[in-house]
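This report walks through one protein chain, topic by topic. Please keep the structure open while reading.

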Amino acid sequence: MDFSKNTSAGFLVNHMARLFAKTLQSNITDLGLTWGQFPILIELWEKDGRTQKELVTRLDLEQATVANTLNRMERDGLVRRVKDPSDGRAQQIWLTEKAKALRVPAQAAAKASNTQALAVLTPDEQTQLIALMKRVIDGFSDAR
């Protein structure tokens with residue numbers, strides 16, 4: 001069986017993800033953000049005060065990756081860490097006012113990135129693509 005990158009779902013999804021990340025980075029650079037910080041910000045904008053462990057689980061990222069990103073975000077004044085009152089070993093991650101103020105422009109930049117990337121598809125195709133991606137992601141979750 002031959003392997004072709006042009007028919008490999010994994011290769012194509014990875015390539016598309018890199019292009020999305022590149023476009024998003026271009027759109028959020030002026031806000032002082034990086035695409036690697038964006039998933040953490042999304043989770044914290046949804047529910048501030050999550051623990052690092054919750055972020056690792058929800059984002060399906062390596063603990064070290066999340067820790068390093070949070071270190072940079074703390075350095076850049078986007079988050080602060082506070083001991084979890086119910087578990088002294090854990091730390092809650094809280095957004096700073098600076099990060100809260102970036103929510104609207106950062107989400108607008110992400111929306112613009114998505115609009116730009118999906119412009120080659122009809123609205124029905126866009127809806128179908130999103131639904132199919134969710135099914136594949138759910139399939140991975142079911143297989144674990």
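## Pocket lining

In this predicted model, the lining of the largest pocket divides by class into 23 nonpolar, seven polar and seven charged residues. The space in this pocket comes to about 1,700 Å³. Its lining counts 37 residues. Closest to the pocket centre are Val-13, Ala-17, Phe-20, Met-133 and Ile-137.

Which elements give two or more residues to this lining? They are H1, H2, H3, H6 and helix H7, the last spanning 123–143.

## Fold and dimensions

The chain holds seven helices and two strands. Read from the N terminus, the order is α-α-α-α-β-β-α-α-α. The two β entries thus follow four α entries and precede three more. The C-alpha atoms occupy a box of roughly 55 × 35 × 25 Å along the principal axes.

The chain has 144 residues, and 28% of them are buried. Take the contacts with a separation of 6 or more: 47% of these join residues 24 or more positions apart.

## Nonpolar core

The largest nonpolar core contains 23 residues. Ile-40, Leu-70 and Val-79 have the most contacts inside this core. Six elements are listed below, and each supplies at least two core residues:

- helix H1, residues 9–28
- helix H2, residues 38–46
- helix H3, residues 52–59
- helix H4, residues 63–75
- strand E2, residues 87–95
- helix H6, residues 103–118

H2 gives the largest share, with five residues.

What does Ile-40 touch, leaving out residues up to four places away in sequence? Its partners are Leu-55, Leu-59, Val-66, Thr-69, Leu-70 and Met-73. One of these partners, Leu-70, is itself among the core residues with the most contacts.

## Salt bridges

Side chains of opposite charge can pair when their charged atoms come close. The whole structure has eight salt bridges. Three of them are described here.

Arg-50 takes part in two. One joins Arg-50 to Glu-43, at 3.6 Å from N to O. The other joins Arg-50 to Glu-46, at 3.0 Å from N to O. Are these partners buried or exposed? Arg-50 has a relative accessibility of 4%, under the 20% cut-off, so Arg-50 counts as buried. Glu-43, at 10%, also falls under that cut-off and is therefore buried. Glu-46 has a relative accessible area of 53%, which is over 50%, so Glu-46 is exposed. Arg-50 thus pairs with a buried Glu-43 and an exposed Glu-46.

Asp-87 and Arg-89 form another salt bridge, at 3.1 Å from N to O. Arg-89 is exposed, at 77% relative accessibility. Asp-87 is partly exposed because its 24% relative accessibility lies between the 20% and 50% limits. Elsewhere, salt bridges with shared partners link Glu-43, Glu-46, Arg-50 and Arg-58 into one network.

## A buried loop residue

Gln-37 sits in the loop between H1 and H2. Is Gln-37 buried or exposed? Its relative accessible area is 3%, under the 20% cut-off, so Gln-37 is buried.

Beyond its neighbours within four places in sequence, Gln-37 contacts Gly-32, Thr-69, Met-73, Asp-76 and Leu-78. Two of these residues, Thr-69 and Met-73, are also touched by Ile-40.

## Asp-60 and Lys-53

Asp-60 belongs to the loop between H3 and H4. Its phi is near 55°. That is a positive value in a residue other than glycine.

Lys-53 is part of helix H3. Its relative accessibility is 67%, over the 50% limit, so Lys-53 counts as exposed. How far is the C-alpha atom of Lys-53 from that of Gly-36? The separation is 17 Å, and the two residues are 17 residues apart along the chain.

Notes
Residues numbered from 1 in each chain as written. Predicted model: local features only at pLDDT ≥ 70, side-chain atom pairs only at ≥ 80, totals over all residues. Heavy atoms only, no water. Core = buried A, V, L, I, M, F, W, Y, C linked by side-chain atoms within 4.5 Å. Buried < 20%, exposed > 50% of the residue type's maximum accessible area, 1.4 Å probe, protein only. Contact = heavy atoms within 4.5 Å. 1 Å grid on protein atoms, 1.4 Å probe; cavity = no way out; pocket = protein on both sides within 12 Å on 5 of 7 lines; lining within 4 Å. Points joined across faces, edges and corners; volume = space filled by probe spheres on them. Nonpolar A, V, L, I, M, F, W, Y, C, P; charged D, E, K, R; others polar. Salt bridge = Lys/Arg side-chain N within 4 Å of Asp/Glu carboxyl O.
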